[in-house]
Amino acid sequence: MRIVLVIMAITLPDVGTGSLCNSCDVSVTINANTVSTTYGQGTTATQVAAGLANAINGHSAFAGVIVAGASGSTVTVGGPVVAPQNVT
């Protein structure tokens with residue numbers, strides 16, 4: 001079982017089909033490392049959230065340190081919690 005300590009959650013507004021942007025970026029900066037995903041007309045907030053979560057999880061600076069997930073239009077970012085080990 002994997003437990004994640006939630007550091008932040010971001011909920012994105014739906015860009016809808018009336019978006020004026022054919023190709024726009026949404027970016028997030030965490031500890032001076034920026035990740036982004038691209039969206040265009042017809043892209044949903046759920047798709048943008050999934051793109052950001054994938055970008056965060058794919059960034060080498062965050063490997064093993066930060067974990068992101070998307071649920072609907074919300075991106076949750078956290079750190080893995082390590083279970084205490086018995087030392088004998």
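This passage walks through the fold, the core and one hairpin of a predicted model. Local features are kept at pLDDT of at least 70 and side-chain atom pairs at pLDDT 80 or more, while totals for chains, interfaces and linings use all residues. Numbering starts from 1 along each chain as its sequence is written, and side-chain values use heavy atoms, with hydrogens and water left out.

Start with the layout: the chain has 1 helix and 5 strands (DSSP runs numbered from the N terminus, H or I of at least four residues for helices, E of at least two for strands). Read from the N terminus, the order is β-β-β-α-β-β. Of contacts (heavy atoms within 4.5 Å) between residues at least 6 apart in sequence, 48% link residues at least 24 apart.

As for burial (under 20% relative accessible area, 1.4 Å probe, protein chains only), 30% of the 88 residues qualify. The largest nonpolar core (buried Ala, Val, Leu, Ile, Met, Phe, Trp, Tyr and Cys residues joined through side-chain atoms within 4.5 Å) has 13 residues, and Ile30, Val35, Ile56, Phe62, Ile66, Val75 and Val77 touch the most other members. At least two core residues come from each of β2 (24-30), α1 (45-58) and β5 (74-80), with α1 giving the largest share at 5 residues.

Then there's the hairpin. β2 and β3 (residues 33-39) pair in the antiparallel sense over 7 bridges (pairing takes at least two DSSP bridges between two strands). Cys24 has Tyr39 in β3 as its bridge partner. Just 2 residues sit between β2 and β3, and Asn31 in the turn has a positive phi of about 50 degrees.

Definitions and conventions: Buried means under 20% relative accessible area, exposed over 50%, partly exposed in between (1.4 Å probe, protein chains only).
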